[in-house]
Amino acid sequence: MRKWRLNKLNMILETRAAAPFFKNGFVVGCEDTREGILIDPGDEVSELLAAVKAHKLAIRYILLTHAHIDHITGVGAAKRALGVPAGLHRADHFLYKAIVQQGQMLGVPVEPQPEIDFFYEGAGPWRFGNYGAWVYHTPGHCPGGVCLAVGREEEAARTLFVGDTLFAGSIGRTDLPGGDLDTLLRSIRDVLFNFPDETVVYPGHGEPTTVGNEKRTNPFLG
Ligand SMILES: [Zn+2]
Ligand SMILES: [Zn+2]
């Protein structure tokens, strides 16, 4: 797989994706302290864990953008390997607990995952080294979808991890349980498009983009 590197900071950032969903999982780390977070560990979890090891990172949290099956199948393996808590928005707990049924709907056998350790309360931040991950509730693709704005605490610049809310040239589907198109468009316009145009956006599937690029060219948001 290609490894995307668009961030202008020195932040450690590794992306992996694996069959069958090719959903992006992320390792993000502080280059000063070697503390980090894991975002959305799925079927590529062993590759994420290898990246954690290669960078000699001490992971503090597993942070989930939402609880669709492709974003959570690696939570158990990550928790066993790292011994750290996993967080989710409370409004997606019903999806998380229904992972086996989600798999049945898609014809993909999956194991139940260990219980979530904490629900996001407010924006955070969840700190790792000199960095923080600020949580923004962005429902529409699912009720508990969040975007994570990650950056150094003392600097304004953030990198967005948006789950399946926004893609390069597209938007998240809204036909799954709890999805709603108007809500999704509002989340994108009122939350994500409030970040500066140069803000780099890492979606849950496919290539990274920027806020400005999507404002200008995304056909769903014209
Ligand atoms: Zn999803
Ligand atoms: Zn997804």
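What spacing do the donors of the zinc ion (ligand 1) follow along the chain? Select them and read off H-x1-H-x72-H-x22-D. This is a predicted model, in which local features need pLDDT of at least 70 and side-chain atom pairs count only at pLDDT 80 or more, while totals for chains, interfaces and linings use all residues; side-chain values use heavy atoms, without hydrogens and water. Residues are numbered from 1 along each chain as its sequence is written, with chains lettered from A and ligands numbered from 1 in the order in which they are written.

**Ligand 1.** Show H66 (NE2), H68 (ND1), H141 (NE2) and D164 (OD), the protein donors, at 2.1 to 2.4 Å from the zinc ion (ligand 1). Donors here are N, O and S atoms within 2.8 Å of the metal (3.2 Å for Na, K and Ca); water is not among the atoms, so sites may look incomplete. The angles among the four donor atoms run from 85 to 169°, and the site is irregular. Four donors would count as tetrahedral with all angles between 85 and 135 degrees; four count as square planar and six as octahedral if opposite donors are over 155 degrees apart and all others between 65 and 115; anything else is irregular.

**Ligand 2.** Move along D164, which coordinates both zinc ions, 3.6 Å apart. The zinc ion (ligand 2) has D70 (OD), H71 (NE2), D164 (OD) and H205 (NE2) as protein donors, 2.1 to 2.2 Å away. Its site is also irregular, with angles of 87 to 154° among the four donor atoms. H71 sits in the loop between β4 (58-63) and α2 (75-82) and H205 in the loop between β13 (200-203) and β14 (209-210), so this pair ties together parts 134 residues apart in sequence. Helices (H or I, at least four residues) and strands (E, at least two) are DSSP runs, numbered from the N terminus.

Colour by accessibility next. H71 is buried at 0% relative accessibility, whereas H205 is partly exposed at 22%. Buried means under 20% relative accessible area, exposed over 50%, partly exposed in between (1.4 Å probe, protein chains only).

**The sheet.** Select β1 to β6: six strands form an open, mixed sheet in the order β1-β2-β3-β4-β5-β6. Strands pair if DSSP finds at least two bridges between them. β1 (12-16) and β6 (118-119) stand at the edges with a single partner strand each, so one side of each lacks a neighbour in the sheet. β4 and β5 (residues 86-88) run parallel, joined by two bridges, and I62 stands opposite A86.
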